[in-house]
Amino acid sequence: MNMAEERTRPAGLAAIDREMARQHADAIASYEAATPMAAKAAASLKKTGRLLLIGMGGSHAVNRAVEPLYRAHGIDAVALPLSEQLGQPLQVAGKTIFVTSQSGESAEVVRWFDETGGTQETFGLTLESRSFLARTAPSLVGSGGTELAFAATRSLTVTFALHLAILTALGEDPAAALAALSAPVDHDIAAALAAFENVSTIVTSGRRLQGVAEALALGLTELSRRPCFSLEGGQLRHGPMEMLGPEIGVVLFRGLDETASLVTAMAVSVVETGAPVILFDASGQAPVTGAVTIRFAPATGLAAIFAMLPIAQRLMIAFADARVENAGTPVRSTKITRSE
């Protein structure tokens, strides 16, 4: 990058660059520091066998991504937006509750504790040790402090690392996920960006990796100010295929799991509509003809997430930078949403 390009980098994206540059180191530190509290959270899960994950925005996307990982351990895990839990609550008795908020100060977090008082089996996941959430509930606290940039990047990776600590305490082998954090592999996104050059809207989709798709769609919307959204693979199949065409970009996530063939079938169907397709692929299966495939070493769960997420973040940033003059500087939102 030459100096002229460096000077014209929007301040908001430069702030995101700084967060992303330290996300792997902060995630590893978070995983290591979280061990004692993770053991307590895991003990609660072993006792209750039921988990309610509540949060907003990027925190909810993380919750959606780890939902299947806890279910794989025999835990009845459900992720719900915190706003929904406030308005039409699920029962909390007999459940472990994870309240996730990177700032620990979101309006919904404060109101939920004010109205319910929390429970004995409630744990917080946050990046801010001095926040309302960390003061109010026993919390796993990510390293590196609050994320300053607008769209969530480092906060997602760090929060996933906190979950890795809990899953390790439940008996999962963290080696593959830690390797993905310790030795991140870069990937060229030029072909993917070129494929999306003329799209006006992006739809992201996955099966077991649906939570990652939702995180990417949120960031794309925040940064590009285009209506980018996410639909779980089956839901995309049931009617919304009608919208597909050359101006709708589709991003799919395929991992090394039993849902991979369904993602493959979706990719084939989307290619047939003329919509450009980008496939983030850690399945080890053959590429899909007509899709731009970004191939990762075969992986599932958090190992796949840690490998794919930084590359998806770069795609999200570059897509927005090509379309918005001051990408990364919110015009209708704030980093910490203190109003409902």
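The structure holds 18 salt bridges. It is a predicted model. Aromatic rings add 7 aromatic pairs. Helix H15 (residues 301-321) appears in two helix packings, one with helix H9 (residues 154-169) and one with helix H10 (residues 175-182). The points below take these topics in turn.

**Salt bridges**

- Side chains of opposite charge can pair when their charged atoms come close.
- Glu67 and Arg64 form a salt bridge, and their closest N and O atoms are 3.0 Å apart.
- Both residues belong to helix H5 (residues 58-71). Glu67 and Arg64 are 3 residues apart there, so about one helical turn separates them.
- Glu67 is buried, with a relative accessible area of 5%. Arg64 is partly exposed, at 24%.
- Arg208 forms a salt bridge with Glu258. Here the closest N and O atoms are 4.0 Å apart.
- Arg208 sits in the loop between strand S6 (201-206) and helix H12 (210-224). Glu258 sits in the loop between strand S8 (248-254) and helix H14 (260-273). The two parts are 50 residues apart in sequence, so this pair ties them together.
- Arg208 is partly exposed, with 24% relative accessibility. Glu258 is exposed, with a relative accessible area of 62%.
- Asp281 and Arg254 also meet through their side chains in a salt bridge, at 2.6 Å from N to O.
- Asp281 lies in strand S9 (residues 277-281) and Arg254 in strand S8, so the pair ties together parts that are 27 residues apart in sequence.
- Asp281 and Arg254 are both buried.
- Glu19, Arg22, Asp26 and Arg154 belong to one network, joined by salt bridges that share partners.

**Aromatic rings**

- How many aromatic pairs does the structure hold? There are 7 aromatic pairs.
- Trp112 and Phe113 make an edge-to-face pair. Their centres are 4.9 Å apart, with 80° between the planes.
- The angle fits the label because planes over 60 degrees apart count as edge-to-face.
- Trp112 is buried, with a relative accessible area of 2%. Phe113 is buried too, at 6% relative accessibility.
- Phe253 and Phe280 form a stacked pair. The distance is 5.0 Å centre to centre, and the planes are 15° apart.
- This pair links distant parts of the chain. Phe253 is in strand S8 and Phe280 is in strand S9, 27 residues apart.
- Phe253 is buried, with a relative accessible area of 1%. Phe280 is also buried, at 0% relative accessibility.
- One aromatic cluster is formed by Tyr70, Phe98 and Phe123.
- A ring can have a charge over it as well: the charged end of Arg323 sits over the ring of Phe319. That charged end is 3.7 Å from the ring centre.

**Helix packing around H15**

- The axes of H9 and H15 come within 11 Å. They cross at roughly 180°.
- That angle makes H9 roughly antiparallel to H15.
- On the H9 side, the contact is made by Leu156, Thr157, Phe160, Ala161, His163, Leu164 and Leu167. On the H15 side, the contact residues are Leu302, Ile305, Phe306, Leu309 and Gln313.
- How far apart are the axes of H10 and H15? They are 7 Å apart, and the helices pack at an angle of about 10°.
- H10 is therefore roughly parallel to H15.
- H10 makes this contact through Ala176, Ala177, Ala180 and Leu181. H15 makes it through Leu302, Ala303, Phe306 and Ala307.
- Leu302 and Phe306 of H15 take part in the contact with H9 and also in the contact with H10.

**A closer look at Glu214**

- Where does Glu214 lie? Glu214 lies in helix H12.
- Is Glu214 buried or exposed? At 19% relative accessibility, Glu214 is buried.
- The label follows because buried means under 20% relative accessible area.
- Apart from neighbours within four places in sequence, Glu214 is in contact with Ala61, Arg64, Thr204 and Ser230.
- Arg64 has already appeared above, as the salt-bridge partner of Glu67.

Conventions
Residues numbered from 1 in each chain as written. Predicted model: local features only at pLDDT ≥ 70, side-chain atom pairs only at ≥ 80, totals over all residues. Heavy atoms only, no water. Helix = DSSP H or I, 4+ residues; strand = E, 2+ residues; numbered from the N terminus. Buried < 20%, exposed > 50% of the residue type's maximum accessible area, 1.4 Å probe, protein only. Phe/Tyr/Trp six-rings, centres within 6.5 Å; stacked < 30°, edge-to-face > 60°. Lys NZ or Arg CZ within 6 Å of the ring centre and 35° of its normal. Axes fitted to C-alpha atoms, helices over the stretch in contact; angles between N-to-C directions. Parallel < 35°, antiparallel > 145°, perpendicular 65-115°, else oblique. Contact = heavy atoms within 4.5 Å.
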